[in-house]
Amino acid sequence: MRKQLATLIALGVTLVPAEVAQAQYGFGLIAGVSRTAFTGAGSTDVPWRTSALAGALVEIPTDQILSLRLEAYVSTKGSPQVRTGVGDARRQDALRLVYLQLPVLVQLQTPVGVPLRSRTFFGVSSAVPVSCKVANRGCGGVDHFQLVSYDFGMLFGAEIDFRGLGIGARYEAGMTSVLPAATGGDVRNGMLAFTMRYSWAR
């Protein structure tokens with residue numbers, strides 16, 4: 001019995017590192033071009049804004065196929081033309097919102113050993129505003145304008161990876177009304193982005 005137990009322990013010691021070597025922690029940088037707009041009942045005739053995002057990510061594998069993907073990046077949202085003010089003071093202004101995004105994603109990928117790997121991911125993205133400007137003025141100085149102090153959305157996307165270099169697309173659907181006082185309606189962030197990522201294993 002003791003010999004059998006010792007054999008199993010020895011076998012486990014030899015096999016586990018091989019499995020871990022196939023599924024290592026990953027660290028990376030991500031950047032991209034985004035198209036953002038507002039969705040919801042209060043977002044009628046609001047044009048898209050083209051901007052950028054940049055940040056970093058960590059991948060925590062559970063096996064060769066499934067992993068947890070944590071990201072942190074800065075993204076710019078808003079619109080080049082949004083109605084602000086009330087009554088006779090209403091006007092069209094450019095709105096620039098800068099957020100720190102913190103997505104928590106579940107990632108599925110083809111196993112290690114395949115040169116060209118596909119990845120799909122989905123999860124939630126929370127965000128806090130870093131900067132808010134209306135027509136190059138701080139939002140705090142604009143009457144009847146107040147940005148909600150957080151944002152929350154659902155995010156999903158896909159990538160094609162070759163030797164750590166990934167090209168992908170993603171969409172984030174906002175679930176929080178971020179500008180209720182400015183518009184009098186339900187206004188949520190929406191973002192379509194095309195990204196490039198480079199990651200390496202620890």
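**Exercise 1. State the accessible surface of the protein and its share from carbon and sulfur atoms, and then describe how the chain is organised.**

Solution. In this predicted model, the accessible surface of the protein comes to about 10800 Å², and carbon and sulfur atoms account for 66% of it. Turning from the surface to the interior, 38% of the 202 residues count as buried. The secondary structure consists of two helices and nine strands, and from the N terminus the elements follow the order α-β-β-β-β-β-β-β-β-α-β. As for contacts between residues at least 6 apart in sequence, 65% join residues at least 24 apart.

**Exercise 2. Trace the strand pairings that involve β5, β7, β8, β9 and β1, giving the sense of each pairing.**

Solution. Begin with β5, which covers residues 116–134 and pairs with β7 in the antiparallel sense over 12 bridges; within this pairing, T120 has A158 of β7 as its bridge partner. The next step leads from β7 to β8, two strands that run antiparallel and are joined by 10 bridges, with L155 standing opposite E172 in β8. From β8 (residues 165–174) the path continues to β9, again in the antiparallel sense, over nine bridges, and here R170 has A193 as its bridge partner in β9. Finally, β9 (residues 188–201) is joined to β1 (residues 26–39) by 14 bridges, and these two strands also run antiparallel; F38, for example, is partnered with N189 in β9.

**Exercise 3. Determine which side chains of β7 point to the buried face and which point to the other.**

Solution. The side chains alternate along β7, so that two sets can be listed. D151, G153, L155, G157, E159 and D161 point to one face and are buried, whereas F152, M154, F156, A158, I160 and F162 point to the other face and are not buried. Two acidic residues of the buried set, E159 and D161, return in the next exercise.

**Exercise 4. Work out how R69, E71, E159, D161, R170 and R197 are joined by salt bridges, and say whether R69, E71, E159, D161 and R197 are buried or exposed.**

Solution. The general principle is that side chains of opposite charge can pair when their charged atoms come close. The structure holds seven salt bridges, and one of them links R69 to E71, with the closest N and O atoms 2.7 Å apart. R69 counts as buried because its relative accessibility is 0%, and E71, at 4%, counts as buried as well. R69 also forms a salt bridge with E159, where the closest N and O atoms are 2.9 Å apart. This second pair links distant parts of the chain, since R69 lies in strand β3 (residues 66–84) and E159 in strand β7, 90 residues apart. E159 is likewise buried, at 3% relative accessibility.

A further salt bridge joins D161 to R197, the closest N and O atoms being 2.7 Å apart. D161 lies in strand β7 and R197 in strand β9, so this pair ties together parts that are 36 residues apart in sequence. D161 is buried, with a relative accessible area of 3%, and R197 counts as buried at 0%. Through salt bridges that share partners, R69, E71, E159, D161, R170 and R197 are joined into one network.

**Exercise 5. Describe the surroundings of R117, a buried residue without a salt bridge.**

Solution. R117 is found in strand β5. Its nearest side chain of opposite charge is D161, at 5.1 Å, and the cut-off for a salt bridge is 4 Å, so this pair does not qualify. A polar atom of the R117 side chain does, however, lie 2.7 Å from the backbone oxygen of T110. Apart from neighbours within four places in sequence, R117 is in contact with Q64, Q109, T110, P111, V112, E159, I160 and D161. Of these contacts, E159 and D161 belong to the salt-bridge network described above.

**Exercise 6. Locate R163 and explain what sets its backbone apart from that of most residues other than glycine.**

Solution. R163 is found in the loop between β7 (151–162) and β8, two strands that form a hairpin with two residues between them. Most residues other than glycine have a negative phi. R163, although not a glycine, has a positive phi of about 55°. Its relative accessible area is 67%, and R163 is therefore classed as exposed.

Technical notes. Residues numbered from 1 in each chain as written. Predicted model: local features only at pLDDT ≥ 70, side-chain atom pairs only at ≥ 80, totals over all residues. Heavy atoms only, no water. Helix = DSSP H or I, 4+ residues; strand = E, 2+ residues; numbered from the N terminus. Buried < 20%, exposed > 50% of the residue type's maximum accessible area, 1.4 Å probe, protein only. Lys, Arg positive; Asp, Glu negative; His and termini not counted. Polar contact = N/O pair within 3.5 Å; in protein donor to acceptor, adjacent residues only side chain to side chain. Contact = heavy atoms within 4.5 Å. Areas by Shrake-Rupley, 256 points an atom, 1.4 Å probe, with all protein chains shown as cover. Pairing = 2+ DSSP bridges.
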